[in-house]
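Trainee: I would like to take a close look at a single part of this structure, and I would be glad of a patient explanation.

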Amino acid sequence: MKRICLFAGFDPEGIIDDYVIHYLKELSEYADIHYLADCVIKPKELKKIEPYTKTAAAYRHEKYDFGSWSELINTIGWAEIQKYDELILANDSQYLVGNIYKFITEMENRNLDFWSGLAVCEEYIGGRTPLEQFISEENILETDFTFVSSFMAFSEKLLFEPFIQNFFSNIVRERDRLTVSNKYEIGLSNILIRHKVNFGVFLDDIYSQSSIYKNTALHFLTLGYPFIKVKIFVNQFYPIISPLNRFNVIKFYNPDLDIGPITRHIQRIRKLYNHESDILSSIKKLSLSQIIRALFRFIYEISPKFLSRYFKELIDKYDIYNFETKFSKSKFDYYSKFLTTIPKQRNLARQLEGKKKLIIFFNVARDIVSGGMLSINRFAKKTREIPSLSDFQVIISGVPLFNPPIDYSYFEPVSPQIKFSRIVEHCQPDELLIHLPEVLARTFFENLSEREKEWIVKIPKLQINILNQNAKIMPQRTLIRNILNCLTENITITTAHSTSCTQQLSNEYSAPVHQLTPFLPEFLQVDFEEKRKVILVSNDNKLFDAIKVTKEDIVTKLEKDLPEFKIIEIENVSLEEYKNLIAYSLFTISFGEGFDGYFLEPLLSKSLSFAVFNPFYFPSEFLNSELIYESWEDLYNNIVSDIKMYTKNQETYEFTSEKNRKLVNKYISNTKSLKELENFYNKEYDFVPRPITYHLFDEYKTKLQNAPDFKFFGEPTKDELILTPDDKVYINMRGDFYKVLYEVYIQNLYDFEFEEDFVFIDIGFHAGTASLNLISKNEHLKHIFGFEAMLPTYQIALKNIKDNHVEKT
Amino acid sequence: MSINLKNITYDMFSSSEMKEDIRYIETEIVPANTEMKQIIENTPHKIIVKCNALGSDLTIIENLDENDLLKKIDLMIIKSYDKSHQQIIEHLQLNNFIIEDTLIDKPNKVHKILAKKKQ
């Protein structure tokens, strides 16, 4: 097989290291190599690899590895590349420590159109799962699934595909490495999957994204994978066995390997890392950090078994602190706050002395910003203004509890955070209501000291309210009922989205559930003439239910077709900056759930925003809005013409903004939020738990199975098909679907006798089971008119009609 | 008119979602008569109505009654919930229906009402 390899290099000192030479030498046995580094390298250095490369160049283009490959493609030309049987894209981010011949030939024998060393996905949480199974079970286009880009191969067939050529011709300079990874590494993987390319990986299982930087990477060597990432030897974060042991593992699997080039490279870049660090203190901390960690680990290793778990906890705690420093300006800033905030904290806590009624809002004790954090801040502010709570002290504290109190940079907190341990020290209330963000509820409990637990359980009137601001990160029932329950039985849940506020949630958690719609801040009102030709896009990347179109496709189209507009992604901005942005920009596009701040808030600033209808979040009234598209394809096809139309026509722009603003105000308003908040404190909850019988639903399946002529195909948790006695076929909708079938077929709930011609009006058409069953039962039936209010159910009903070959008019 | 989901039991939720991941879908329905009037008045055939509307049954029946459509229906099968079922029966009886009322789900107080127009 004739191969061409485009090899991307980078070295901060402009050196072509021995390990790169070794790699290129080995690889040159199998491919014609063209080398390009994204840095300046002197000709003398480039000469080192001359024997192994067809061309070698180096210049700073700042587009990382994908940029080097793109530049090389431009230089060489597709026509030349297409003369080869296979194109390999590789880089120098890994050491070649194994047998590359076996690696390449094994993949050659599999006749794939695309292959790489391995595939990773951070959302994959463990267990050994074959890639094929993982792909069949997940909608991988909605995950961070990616083929690791450090070694990829494309068959000749793919080299002629326009989508591949377009992908590489659109690589531009990005602001950071993460964007490159999201846009190009994950982007390329998505494109390959969307185009149903025949792909494969050397390691057939799926692994987590970080696996290539952890002990798993050493395990890969045992499976014949020939590479190991350079970062493994310099990274401080991931837990990994000691450097000496790492080399032992490598040598075990490749005894002939000369590890000299690797050790020399590591020594050089470690030294370089220290030189490049601009804060001297951080070097000291880093060294200290290494020493402490090594000491803990050493003690852990030698300690007797009964003591080792305590040392393990110490090591874990140390790792946690290191992790938390990421959210501070610097490690120094983080650690110094433990000391510098003491006087202020003492003063704040002293003010609580003797107080008997407290409401504590726990917010995230990290200097970041999110919609949820802003909501908590506003809930605290509004709670203080409720007259009936005037005898309560409303205070803010932070979770994780072990963090120092935070002065937020991105928004103005309603009051300074008081560390929970200080509160515990200075008062013993009779009544306490704790508001806890869902995402940190477990952490809150786990971090409580014995003294704090004792303090809490001593409080006669205690209530813990879980702020469910995002259903996806709501902790499991076990946390609420088996863990927080240790503190109090009195647990409630408030939901930010009305779609989450259900009887079912209340039943599931055995807790009252109440809707608390977030309060909105005051938005700037900026007139059309003052707005700028800017299109803001939300920083969501996973488009709900998108099949053919990606966010990147849409943004690229906007950039191409609306060159007079500036496209800005909303990221890392303070609340005030955000309010300015949405007010002064003509348009905003929400790529998230749609019925969110990015859609709603620009309208409140007299701007226009666009989104795609998502039946799980949007009230159905929004289906009629001009600003809501039916699908991402619909948005892709129409967004440019719509933006042009609104830009040209000020009157239409203002009319549409006002019309949709009124619609938004119907569902979200501070008056509504305040009423909900007052009701919550008056304990007038939307839902209280009711007895339910989950097990009944499975019992209905047993009943159906015992009845004649029911057949079940597949797993109930997946797409189970059910064949009914009248030869109708249904996909199991889950929930109480077995019960519905039982009612229709066994209980004959909708049976009747009628001897004249009739039309059947089915209100609550559901999946259509009653109507479809009636067709085979009564010859006098002339027409059926079905009404189904729930959009997702309606869509399933349509499918059932189609699948059962019933004529629909 | 919107469906009031607050007062209905879990059992009444549509099974359109997985039970472990049920979601609250806000939806709107138009008054029953706006759609039904056209159907009822334009067919030469008899009218049979099945109604299982997650607790909005009474609202629908009331609306049909107010718009003189209830009397044009020949047979109704209604799955009614909790407190509303007695009022539904009263409406139907006033409109000349013979009622067959069966309690089909005792814990959740769900009734099947079979209503046939008197000849």
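Which residue stands opposite A:Phe610 in β23(A)?

Mentor: It is A:Ile589 that stands opposite A:Phe610 in β23(A). Before we build on that, please keep in mind that this is a predicted model, and that its mean pLDDT for chain A is 85, with 90% of the residues reaching 70 or more.

Let us begin with the strand itself. Strand β23 covers residues 608–612 of chain A, and five of its five residues are buried, so the strand is largely enclosed by the rest of the structure. If you look at its two faces in turn, you will find that both are covered: A:Leu608, A:Phe610 and A:Val612 are buried on one side, while A:Ser609 and A:Ala611 are buried on the other.

Now turn to the strands that pair with β23(A). One of them is β22(A), residues 585–589, which runs parallel to β23(A) and is joined to it by three bridges; the pair you asked about, A:Ile589 and A:Phe610, stands opposite one another here. Another is β24(A), residues 628–629, which is also parallel to β23(A) and is held by two bridges, and in this pairing A:Val612 has A:Tyr629 as its bridge partner.

The path of the chain from β22(A) to β23(A) deserves some care as well. Between these strands comes helix α25, residues 597–604 of chain A, and the three elements together make a right-handed β-α-β unit. In the loop that leads from α25 to β23 of chain A you will find A:Lys606, whose phi is positive, near 65°, although the residue is not a glycine. A residue counts as buried when 20 or more other C-beta atoms lie within 10 Å of its own, and A:Lys606 has 21 such neighbours, so A:Lys606 is buried.

It helps to set that loop residue beside another one. A:Asn111, in the loop between α5 (100–108) and β6 (114–116) of chain A, also has a positive phi, near 45°, and is likewise a residue other than glycine. Here, however, there are 10 C-beta neighbours inside 10 Å, and A:Asn111 therefore counts as exposed. A further loop, between β15 (393–399) and α18 (420–426) of chain A, holds A:Pro400, and the peptide bond that joins A:Val399 to A:Pro400 is cis, with omega near -5°.

You can carry the question of burial from the strand to a helix. Helix α3 of chain A, residues 64–76, has 13 residues and reaches 18 Å from its first C-alpha to its last, close to the 18 Å expected. Of these 13 residues 10 are buried, so α3(A), too, is largely enclosed by the rest of the structure. Among the buried residues are A:Tyr64, A:Phe66, A:Trp69 and A:Leu72, and also A:Asp65 and A:Glu71. The elements they pack against include β1 (3–9), β2 (32–37), β4 (86–91) and α9 (177–194) of chain A. Just after α3(A) comes A:Gly77, with a positive phi near 90°.

Helix α1 of chain A, residues 18–27, has A:Tyr19, A:Val20, A:Tyr23, A:Leu24 and A:Leu27 as its buried residues. Seen down the axis of α1(A), these buried residues fall within an arc of 135°, so they line one face of the helix.

For a single buried residue within a helix, consider A:Leu772, which lies in α31 (residues 769–775) of chain A and counts as buried, with 24 other C-beta atoms within 10 Å. Leaving aside residues up to four places away in sequence, A:Leu772 touches A:Lys728, A:Asn800, A:Asn804 and A:Val806. Of these partners, A:Lys728 is 44 residues from A:Leu772 in sequence, yet the two lie 7.8 Å apart, C-alpha to C-alpha.

Finally, step back to the whole of chain A, which has 32 helices and 29 strands. Of its 809 residues, 37% count as buried. The confidence varies along the chain: among its elements, helix α13 (residues 280–302) has the lowest mean pLDDT, 61, and strand β10 (residues 151–155) the highest, 97. Over residues 274–285 of chain A the pLDDT is below 50, and this stretch has eight contacts in the model beyond near neighbours in sequence. Where pLDDT is low, the predicted coordinates should not be read in detail.

Conventions:
Residues numbered from 1 in each chain as written. Chains lettered and ligands numbered in written order. Predicted model: local features only at pLDDT ≥ 70, side-chain atom pairs only at ≥ 80, totals over all residues. Buried ≥ 20, exposed ≤ 12 C-beta atoms within 10 Å, placed from the backbone. Helix = DSSP H or I, 4+ residues; strand = E, 2+ residues; numbered from the N terminus. Arc of directions from axis to C-beta. Expected span 1.5 Å × (residues − 1). Contact = placed C-beta atoms within 7 Å. Pairing = 2+ DSSP bridges. Right-handed = clockwise from strand over helix to strand, strands pointing away. pLDDT = per-residue confidence, 0-100.
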